[in-house]
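Me: I'd like to learn how to read the fold of a chain like this one. Can you walk me through it?

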Amino acid sequence: MAIWNQSPTLESLNHQLKGNMCEHVGIEITDIGDDYLVGTLPVDKRTVQPMGLLHGGANVVLAETLGSIAANLACGNDQYCVGLEINANHLKSATSGKVTGTARPVHIGRSTQVWEIRIENEQGSLTCISRLTMAAKSNRG
């Protein structure tokens, strides 16, 4: 059973990424399942640090993007979610290609949500693991 309170298309999700940091660094949403959201980030001149390795901050941008979108899809219709805290452990470097992040819920409550985002390289090796805590806010005045 799906955890989402909305039924977005990949096209509508990717449209939200236009005109902001996500478009600048090349993030793309590639899959949505019953309880997960997947997106990619290219490893290129926009996302590497001076030594040619994927910048740790780029991992965090991908993780927070996926977790934030997922949290807002899962929260109640009278709520929206905002980031409270994020952490990331960078486990393996990436120097080319794309990395793929998968966001899955750890906890979905009325006032907070916790998401785990696993980022892998094209060979399927875990390069970063992140945990994102979101605060659920009321849409009402």
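Reply: Sure, start with the vocabulary: helices (H or I, at least four residues) and strands (E, at least two) are DSSP runs, numbered from the N terminus. This is a predicted model, where local features need pLDDT of at least 70, side-chain atom pairs count only at pLDDT 80 or more, and totals for chains, interfaces and linings use all residues. Residues are numbered from 1 along each chain as its sequence is written, and side-chain values use heavy atoms, with hydrogens and water left out.

Me: How much of residues 51-128 is helix, and how much is strand?

Reply: That stretch is 24% helix and 45% strand, with its end C-alpha atoms 18 Å apart. The chain as a whole has three helices and six strands, in the order α-α-β-β-α-β-β-β-β.

Me: Which strands does β6 join by bridges?

Reply: The general idea is that two strands pair if DSSP finds at least two bridges between them. Here, β6 (residues 126-138) runs antiparallel to β3 (residues 79-90), with 11 bridges; H90, for instance, has C128 as its partner in β6. Nine bridges also tie β6 to β5 (residues 112-120), again antiparallel, and T112 is matched with A135 of β6.

Me: What lies between β5 and β6?

Reply: Five residues, making the two strands a hairpin; G124 in the turn has a positive phi of about 85°.

Me: And how many of the residues are buried?

Reply: Buried means under 20% relative accessible area (1.4 Å probe, protein chains only), with exposed over 50% and partly exposed in between. In this chain, buried residues are 36% of the 141.
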